[in-house]
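Let's take a walk through this model, with the pockets and cavities as our way in. Keep the structure open and turn it as we go.

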Amino acid sequence: MKQRITGAEALMRSLSAEGVKTIFGYPGGSIMPVYDALYDYTRGEKKAFDHILVRHEQGATHAAEGYARVSGEVGVCIVTSGPGATNTLTGVADAMLDSTPIVVIAGQVPISALGTDFFQEVDLVGVAQPISKWSYQIRHAEDIAWAVSRAFYIARSGRPGPVVLDFLKNAQTEMVDYAPEKVGFVRSYVPYPKLEMDAVQAAADLINGAKKPLALVGQGVELGNAQEELIAFLEKADIPAGRTMLGLSALPSTHPLNVGMLGMHGNYAVNMKEQECDVLIAIGMRFSDRVTGSLKTYAKQAKVIHLDIDKSEINKNVKTTVAVVADCKESLPAITALLKKGDHKEWRESFKPLDKKERAKVIEPAIHPKEGPLLMGEVVNTVAEATQGDAVLVTDVGQNQLFATRYFRYPKHRSICTSGGLGTMGYGMPAAIGATFGAPDRTVVCFMGDGGFQMCIEELGTIMEHQAPVKMILMNNNYLGNVRQWQDMFWQRRKSFTRMMNPCYELIAQGYGIPYEAVTDRKNLAAAVAKMLATKGPYILECAILEDDDVLPMTPPGKSIDEMQLELAPPPTPPVREGRPAE
């Protein structure tokens with residue numbers, strides 16, 4: 001039955017109809033009618049939402065991302081126009097590249113002021129269109145129910161992604177005869193392609209005939225909730241599987257067919273074996289350059305089967321022999337039904353000498369050093385052991401991300417939250433806040449470097465206000481560590497503006513009322529981690545890290561993945577410059 005209400009009230013009802021429970025946001029002039037309506041929907045008899053007041057609009061989008069990644073639901077944030085809206089764009093782009101379903105609702109000037117350079121007017125739809133799955137301007141209250149339902153349908157269906165709604169102020173205040181709508185179809189949008197059985201048969205035939213098959217597991221398995229289907233597929237065909245960074249928790253770390261992380265800083269054996277396998281099965285992954293290295297040399301010996309819901313990914317980077325374009329929750333069991341029981345023990349065993357080599361040269365020295373300053377690997381390993389793999393891992397971007405993803409444990413689904421495609425510094429802390437609301441029954445640990453920590457330091461205010469139980473591990477090496485490593489490796493050790501002058505983080509923690517401890521000696525590390533995990537609410541654990549701690553192994557940029565280095569080569573001799581000595 002229709003009721004006559006304001007557009008702002010219609011938005012509240014539409015969000016409730018979509019099952020929204022948590023909203024991250026920041027108020028302002030052009031969204032004030034919505035926030036006035038929200039007041040009643042966060043308390044009393046009408047209470048439907050928890051609103052989390054962030055300290056920066058970019059933080060709202062990253063928090064919505066973290067919420068979405070661990071809960072499997074659509075993350076929601078509400079902001080004002082102008083700078084409020086443009087501040088969300090980094091998070092929108094991040095969500096687009098990582099296929100994260102969020103809906104951003106931004107206030108906008110009234111329709112009468114459009115195009116007049118009105119205060120805080122920005123063409124948000126025009127700016128957001130290239131970096132979102134859909135962007136739309138709500139001009140009148142009568143469009144609200146339809147637009148919101150369509151936004152959530154597009155954000156969560158098919159390959160998920162961000163949607164931006166530009167909500168004009170007049171539409172927020174207009175009266176409308178409101179009735180809920182449910183959009184389940186959009187013309188020309190096919191989120192779930194029809195599974196072609198000829199492709200399924202061709203894929204099964206290739207796998208049945210393979211001597212050295214290798215699966216590459218991406219986040220698409222998690223997004224499609226196809227984790228069990230993946231395991232059934234791998235176990236029946238006896239196929240070893242590597243995982244992308246975003247797909248790390250799609251297959252439990254302890255599963256016997258897991259052969260490690262793919263990519264530039266992934267595990268040695270799986271990267272080398274990609275260049276040896278005869279059939280490569282990519283499942284819900286996009287062949288990122290960080291996975292493939294040089295495309296000129298990548299897996300040229302292999303026949304490639306690509307399972308993906310998004311047809312645009314097929315043949316985009318790597319030429320495909322068989323493409324199975326469908327939801328992997330549907331395509332995996334269809335292929336599995338046609339597979340013979342596989343036995344690739346000899347092939348699987350061939351990974352072990354390479355694993356042993358990496359463990360001796362890289363892993364053991366990183367997680368069990370005998371002397372010297374703390375290393376990032378041992379900090380991550382200590383936290384992973386203390387949480388027994390039960391925690392959600394959130395990272396910022398840089399060396400902290402690479403060490404954390406390598407040495408954490410992933411026995412449960414939806415256990416990793418990190419910025420993959422965009423590599424957004426400042427992502428970690430707000431994403432971890434969102435994760436605590438998306439998975440309130442799980443421990444959330446967030447690894448950050450000193451650079452990323454300071455890019456989102458204002459969100460300590462959000463943590464303080466809501467007592468969000470984020471366990472923050474600040475790995476402080478006084479450098480922008482990843483850039484410093486590249487400068488050492490490829491730029492004759494010319495450390496151009498990568499050393500950081502850092503504040504006293506203890507005083508900052510005191511200012512926000514957050515428990516804090518610093519660790520400078522490894523003999524105190526395990527006890528400090530245990531204390532952090534036992535403390536209710538948020539916590540900052542600062543670890544003094546070796547300044548030139550390097551992430552290994554590494555495939556140098558532009559090189560073939562079988563040129564992965566287990567130790568750093570000496571830097572090139574710096575050139576002699578006329579009129580001055582070499583630096």
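First, some vocabulary: on a 1 Å grid over the protein atoms alone, a pocket is an open set of points with protein on both sides within 12 Å along at least five of seven lines, a cavity is a set where a 1.4 Å probe fits but cannot get out, and lining residues have an atom within 4 Å of a point. Points are joined across faces, edges and corners, and a volume is the space filled by probe spheres set on them. This is a predicted model, in which local features need pLDDT of at least 70 and side-chain atom pairs count only at pLDDT 80 or more, while totals for chains, interfaces and linings use all residues. Residues are numbered from 1 along each chain as its sequence is written, and side-chain values use heavy atoms, with hydrogens and water left out.

How far can you trust the coordinates? pLDDT is the predictor's confidence in each residue, from 0 to 100. Here the chain averages 96, and 97% of its residues reach 70 or more. Residues 579–583 are another matter: their pLDDT is below 50, and beyond near neighbours in sequence this stretch has five contacts in the model, a contact being heavy atoms within 4.5 Å. Where pLDDT is low, predicted coordinates should not be read in detail.

Now the overall layout. The domain assignment splits the chain into domain 1 (3–178), domain 2 (197–352) and domain 3 (368–552); such bounds come from an automatic or database assignment. The C-alpha centres of domain 1 and domain 3 are 31 Å apart. Their contact takes 25 residues from domain 1 and 26 residues from domain 3.

With that in place, go to the second largest pocket, which holds about 510 Å³ of space. Its lining has 20 residues, and those nearest the centre are Asn258, Asn267, Arg359, Ile363 and Arg406. Domain 2 and domain 3 each provide at least three residues of this lining. For the elements, helices (H or I, at least four residues) and strands (E, at least two) are DSSP runs, numbered from the N terminus. β11 (258–261), α16 (352–367) and α18 (399–407) each supply at least two lining residues, and α16 gives the most, with five. By class, the pocket lining has eight nonpolar, six polar and six charged residues. In that scheme Ala, Val, Leu, Ile, Met, Phe, Trp, Tyr, Cys and Pro are nonpolar, Asp, Glu, Lys and Arg are charged, and the others, Gly among them, are polar.

What about closed spaces? There are three cavities of 30 Å³ or more, and the largest holds about 80 Å³. Ala68, Arg69, Gln219, Glu222, Leu223, Leu246, Ser249, Arg414 and Ile416 line the largest cavity. Two elements, α3 (57–71) and α10 (220–223), give two or more residues to this lining.

Arg414 deserves a second look. Arg414 sits in the loop between α18 and β16 (416–417), and its phi is near 50°, a positive value in a residue other than glycine. Most residues other than glycine have a negative phi, and most peptide bonds are trans. Arg414 counts as buried because its relative accessible area is 15%, and buried means under 20% (1.4 Å probe, protein chains only), with exposed over 50% and partly exposed in between. Asp238 also has a positive phi, near 55°, and lies in the loop between α11 (227–237) and β10 (241–243). Asp238 is buried too, at 9%. For an unusual peptide bond, try Leu552 to Pro553, which is cis with omega near -5°.

Finish in domain 1 with helix α5 (residues 89–97), whose buried residues are Leu89, Gly91, Val92, Ala93, Asp94 and Ala95. Their cover includes α3, α4 (83–86), β5, α6 (124–128) and β7 (162–168). Just past the helix, Ser99 has a positive phi, near 55°. From the side of β5 (residues 102–108), look at Ile102, which is buried because its relative accessibility is 0%. Leaving aside neighbours within four places in sequence, Ile102 is in contact with several residues, including Gly91 and Ala95.
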